[in-house]
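Me: I'd like a close look at a single part of this model, please. Could you take one residue and walk me outward from there?

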Amino acid sequence: MLSAVQVLVMSNRSDEVTESRDTDDLLEETDRLLSDAGFEAADAEPSPSAATDQSDVAAGAAHDRESTTASSRLAGLRSWLAVDTYFSPKAFVAFVLLLGAGLFAGATVIPIAGRIIGILGVAFTIGLLSSKRRYLELTAAGTAVGAVSAVASHAFLAVAGSFQAVVAVGVTVGLVASLVGYYFGRDLRDGLTREI
């Protein structure tokens, strides 16, 4: 007996000659093929062994559907829980390095508020040049760089007992500077690339 794939492949061949047959011949051949496969004709009662085989086939098909459904649900859950779907560690590390360089350059060039301007300028440039939205990575990098910079700059205050206040100010300044810079960079990019 031929499988459905073999029949499909054979029917696609152009070198085969098809013959026309009347409906009665086709029905007789179908009944013969079904009886050879263990199925009875529709008007006859199925034998107990055929009924058992049919129920086994139906149970197997139901089990396959359930396992396929369960695996597709788990695949959807796995893709939903995947870290790289919402957060890119490579982009985070790159942004930490870039924002750190901007913070250092800003503090070197401008003595007052240079660190904030450095973070803001680098975040603006990243927003202007990047095509993907990376708000989560950039704000996490901005907060990390801001916290480390604040603790390093005000180590005496941090050791003296105001560690939480120093870290809170550093995190807030890093968050606001990186978020504002990135937002305005993306906004300018959107304005420049949008058709009028």
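Reply: Let's start with Tyr183, which counts as partly exposed because its relative accessibility is 45%, between the 20% and 50% cut-offs. Do keep in mind that this is a predicted model. Tyr183 sits in helix H8, and together with Leu120, Leu175, Val176, Val180 and Phe184 it makes a nonpolar surface patch of about 500 Å². H8 is the main contributor to that patch, giving 5 residues.

Helix H8 (155–193) also has a part in the interior: H8, H5 (89–109), H6 (114–129) and H7 (135–153) each supply at least two residues of the largest nonpolar core. That core has 13 residues, and those touching the most other members are Phe95, Leu99, Ile119, Ile126 and Leu138. Leu99 is a nice one to follow on your screen. Beyond its neighbours within four places in sequence, Leu99 is in contact with Ile119, Val122, Ala123, Leu138, Ala141, Gly142, Val145 and Ser178. As a general point, nonpolar side chains tend to be buried together in soluble globular proteins.

Now for the charged pairs, where the count comes to 2 salt bridges. In one, Arg194 pairs with Asp190, with the closest N and O atoms 2.5 Å apart. Arg194 counts as exposed because its relative accessibility is 56%, while Asp190, at 34%, counts as partly exposed. In the other, Glu137 pairs with Arg134, the closest N and O atoms being 3.3 Å apart, and both Glu137 and Arg134 are buried.

How values were computed:
Residues numbered from 1 in each chain as written. Predicted model: local features only at pLDDT ≥ 70, side-chain atom pairs only at ≥ 80, totals over all residues. Heavy atoms only, no water. Salt bridge = Lys/Arg side-chain N within 4 Å of Asp/Glu carboxyl O. Buried < 20%, exposed > 50% of the residue type's maximum accessible area, 1.4 Å probe, protein only. Core = buried A, V, L, I, M, F, W, Y, C linked by side-chain atoms within 4.5 Å. Helix = DSSP H or I, 4+ residues; strand = E, 2+ residues; numbered from the N terminus. Contact = heavy atoms within 4.5 Å. Patch = residues over 30% accessible without salt bridge, like charges linked within 9 Å, V, L, I, M, F, W, Y side chains within 5 Å. Areas by Shrake-Rupley, 256 points an atom, 1.4 Å probe, with all protein chains shown as cover.
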